[in-house]
Amino acid sequence: MTTKEDLEAIENQISTIQCHGETALHHPGPALAHGRLKTVEKGRNWGWLLSGFISLNVLLLGIAIVSGSVFNKVQISSSHLLIFLILLVILTTVWMVYYKVHTSRVYRAVLYKDSHAGPVWLRAGLVLFGVCSVIMDIFKIMFYVGRIHCDNSPVKIAFPAVQALFVIVQTYVFWVHAKDCVQIQQNITRCGLMLTFSTNLVVWMTAVTDESLHQTVAPKDPSYNGSSNNGHSFNVTIQGRAEVSDCQCIHDKCDVFEKTFYYLYPFNIEYSLFASAMAYVMWKNVGRQMDEHHSHKLRFSPWDVLVGPVAGLIILVTGLATFVIYEVDVAKGDPKKTEGALIMHYIMNIVAILLMSVTCLIGCVIFRMEKREQVSGKNPTRSLDVGLLVGASLGQYLICYFIIVAVLASGVMGNTDGLNLACAMLTVIQLCLQNAFLIKGLHREPFKETEATSTVFANVMAVRERDPERRSSSIVPAHTLPIPLGILQSRLSWKRRVLKEICAFLLFCNVILWIMPAFGARPQFDNTVGSDVYEFQTWAAVVNIGMPFGIFYRMHSVASLFEVCLAS
């Protein structure tokens, strides 16, 4: 007969066997776990490699076709380029519809959200630039419809229509899914996102090329004095202008539509870059499992800052006024007017850049004084922000150093050359200081309200009357007070307030430094020192390569400064 002790021993043995079985089922052994991890890592590397090859090939092919369409000797017309873009845009749009309709709706497809990816102000900027891009496409369609009898290429009408649809679909997908960390169909999703990334960059290159050709007009005579050359006349090329003037539009609004969609080009350029950045972050987040399940809620209050926005608005309004005067004077073609406009433009930029340099230096000193934790862990958004800031600033560095060498080589002759040299040197310093300020600010942990809380004492007699249980105590902690503690904590420390004022001031200054080159200011061509030293073709290549990156740097700095302001 089985004793009680034997029964207990058998039950314990059965329980042990069951526990080991469940452990082996839910927690596989080291060899099995290592095998699974190796398989997942192999699939992940394969997806990254395949999507990288797709992106590389699309980009290189796009660069070749865009470059070939610029030169008349190469038998690649703009229609060939537009056909390539239409195919690329349609393929990308089909994938985005597939992602929205199928992939994102599969059970457990998106288990995690990256709280840092796609902040609301970035998505709002994408929507704003997207609306302007759609309006630009509508004006393009109206312009080419009016000239359809002159140009027998319906592709020029088809591409704006397809691009408008692409912009609408892409803006919606990024607004809804920018934070997704996709866990299924990872290889397909990576390839689709890299295709989206490459498509936006090719569209960006095409828009930048059109804008650069529109702003750059080569002098007919090599000995022609460029200061009297109207580099802002409405031209794509000298030959192209002659061909355009021979065609009569079927309606009387062609000139209005043409001028308007060229003024909307900067918004389309920025839209493509914003979309490329968001596609890259989504690509980095594919298969990512977030460790943190909470995010810092950043609060913005316009009452926290005053001096910075006011000073920034003064710089912004003054810059807009000088920009309008500059454009009007240069368009007249009078050498004296052009020289006066250049001097005014350089003085405006020197004042703004000098003030920005000082404020950036003060901000870096405060960062040094204020001890705060650095952001830990992998963060694709932060890495991309820093990479874009450093990479885009290289465009302005390139132009500035070419100007410095040109002015010093030819000798400083007159106020224009002196101001041009000073502006270039101060811009280099300002870029260094602003990059340091932004990189340091983006890597700091956001301010937590709980860190600033401290014990607050109140009127003891009043609290005793309200709470009889505390009549025997002479000290009342803050958490027992009936008044809201947020009111007591609403005042910022002087360091935080100064940082917010600095960010607000730099934000407005970067806006005006984006507006002037984005909407047509080209002092690099109106001042002939660069073309005299490097020859026009070389100088035009330097400016047209560096200028788009410089324009994007200012806009990206605005977004980064807003984020640093919130985190302060």
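This is a short talk on the cavities, one salt bridge and one surface patch of the structure above.

Hi everyone, thanks for coming. Before anything else, please keep in mind that we are looking at a predicted model.

Let me start inside the protein. How many cavities of 30 Å³ or more are there? The count comes to 3. The largest cavity has a volume of about 460 Å³. It is lined by 27 residues, and those closest to its centre are His345, Asn349, Gln396, Pro523 and Gln524. If you want to find the walls on screen, look for α11 (335-369), α12 (380-410), α13 (414-442), α17 (494-518), α18 (523-526), α19 (529-534) and α20 (536-567), the elements that each give two or more residues to this lining. Which of them gives the largest share? That is α20, with 6 residues. As for chemistry, the lining of the largest cavity divides into 16 nonpolar, 10 polar and 1 charged.

Now the second largest cavity, with a volume of about 230 Å³. Here 20 residues form the lining, and Leu122, Ala277, Thr381, Asp385 and His556 are the closest to the centre. At least two lining residues come from each of α4 (120-146), α9 (265-285), α12 and α20. You will recognise α12 and α20, which also give residues to the lining of the largest cavity. By class, the second lining has 14 nonpolar, 4 polar and 2 charged residues.

On to salt bridges. The count for this model is 1. The partners are the side chains of aspartate 180 and lysine 113, at 2.5 Å from N to O. Aspartate 180 sits in strand β2 (residues 180-182) and lysine 113 in strand β1 (residues 110-113), so the bridge ties together parts that are 67 residues apart in sequence. Are the two partners buried or exposed? Aspartate 180 has 2% relative accessibility and counts as buried, while lysine 113 is partly exposed, with a relative accessible area of 47%.

Last stop, the surface. Trp46, Leu49, Leu50, Phe53, Leu56, Leu60 and Ile63 make a nonpolar patch of about 680 Å². Let's take one of its members, leucine 50. Where is it found? Leucine 50 belongs to helix α2, which covers residues 30-70. Why does leucine 50 count as partly exposed? Because its relative accessibility is 31%, and the partly exposed class lies between under 20% for buried and over 50% for exposed.

That's the tour, and I'm happy to go back to any of these places on screen.

Notes:
Residues numbered from 1 in each chain as written. Predicted model: local features only at pLDDT ≥ 70, side-chain atom pairs only at ≥ 80, totals over all residues. Heavy atoms only, no water. Patch = residues over 30% accessible without salt bridge, like charges linked within 9 Å, V, L, I, M, F, W, Y side chains within 5 Å. Areas by Shrake-Rupley, 256 points an atom, 1.4 Å probe, with all protein chains shown as cover. Salt bridge = Lys/Arg side-chain N within 4 Å of Asp/Glu carboxyl O. Helix = DSSP H or I, 4+ residues; strand = E, 2+ residues; numbered from the N terminus. Buried < 20%, exposed > 50% of the residue type's maximum accessible area, 1.4 Å probe, protein only. 1 Å grid on protein atoms, 1.4 Å probe; cavity = no way out; pocket = protein on both sides within 12 Å on 5 of 7 lines; lining within 4 Å. Points joined across faces, edges and corners; volume = space filled by probe spheres on them. Nonpolar A, V, L, I, M, F, W, Y, C, P; charged D, E, K, R; others polar.
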